[in-house]
Amino acid sequence: KVVAGQSALAIEHAMTLETAKKSYWEQAQDRRLKDLGVLGASISHQMCNRLHLMGLGMELMQMQISKSCAVCQEDKNKWNKSLEEMLVSIQNAKNMTEALKTYGKSSEGKKTISLKELLGLAKIMVDAKHKDFPYEYVFEGDDIDLIVNESNMQEVFFNVIDNGLDAIKIFMNSSQKSRDYKPRIVVTWKRENGNIVVSVTDN
């Protein structure tokens, strides 16, 4: 009985210690994520400012080239094409920093935001992770405004779409894949009994 009692006490102490360790690491992880959110928002803000200045510089160059008499039309076309491509890249970078800023926000508070906008922000993050992986992305549904925590919902959509692409990559390496197989993610949503039901399907 004494041995059994001491064993039970030792197990109880071990379980208490394990619970305390888990709680400590969860709190540490929560603090780390909050710090990362603040840092990400600050970096994104600084990046957006610099990208904005770069975009203005590109647009100014376009204006100067179009007015210049010393540059032939063929060269003007080449310059304008290059500058347009740069402006598109700058806009893509601005979209990425905006998505990162939203993703890193604190989990407090709600706001009104379009469901399509949320899905768009999530897709930017997904495409950054799965860079150079071609897939068809289809989303269908009426434009609906939600009152939600923006960063939390963005994380939810990011995780679901990301999981779908991970599953697709596994499938592509399997013997079940047909020759004409093309990766596809379909996102649909609808109103149902006072709720908004969102479905994310991979093939």
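These questions and answers walk through the salt bridges and the sheet of a predicted model.

In this predicted model, local features need pLDDT of at least 70, side-chain atom pairs count only at pLDDT 80 or more, and totals for chains, interfaces and linings use all residues. Residues are numbered from 1 along each chain as its sequence is written, and side-chain values use heavy atoms, with hydrogens and water left out.

Visitor: How many salt bridges does the structure hold?
Guide: A salt bridge is counted when a side-chain nitrogen of Lys or Arg lies within 4 Å of a carboxyl oxygen of Asp or Glu. By that rule, the number of salt bridges in the structure is four.

Visitor: In the salt bridge between Glu150 and Lys111, is Glu150 buried or exposed?
Guide: The side chains of Glu150 and Lys111 meet at 3.3 Å, N to O. This pair links distant parts of the chain, 39 residues apart, with Lys111 in strand E1 (residues 111-114) and Glu150 in helix H4 (residues 150-172); helices (H or I, at least four residues) and strands (E, at least two) are DSSP runs, numbered from the N terminus. Buried means under 20% relative accessible area, exposed over 50%, and partly exposed in between (1.4 Å probe, protein chains only). Because its relative accessibility is 7%, Glu150 counts as buried.

Visitor: Which residue forms a salt bridge with Asp127?
Guide: Asp127 lies in helix H3 (residues 115-129), and its partner is four residues apart from it in that helix, so about one helical turn separates the two. The closest N and O atoms of the pair are 2.6 Å apart, and the partner is Lys123.

Visitor: What is the relative accessibility of Asp162?
Guide: Asp162 meets Lys129 in a salt bridge at 2.9 Å, N to O, and this pair links helix H3, which holds Lys129, with helix H4, which holds Asp162. Lys129 counts as partly exposed at 48% relative accessibility. Asp162, in contrast, counts as buried, because its relative accessibility is 6%.

Visitor: In what order do the three strands form the open sheet?
Guide: Two strands pair if DSSP finds at least two bridges between them. Strand E4 (residues 184-192) is joined to E5 by eight bridges, and these two run antiparallel. The pairing in the sheet is mixed, and the order is E2-E4-E5.

Visitor: Which are the edge strands of the sheet?
Guide: An edge strand here pairs on one side only. The edge strands are therefore strand E2 (136-140) and strand E5 (195-202).
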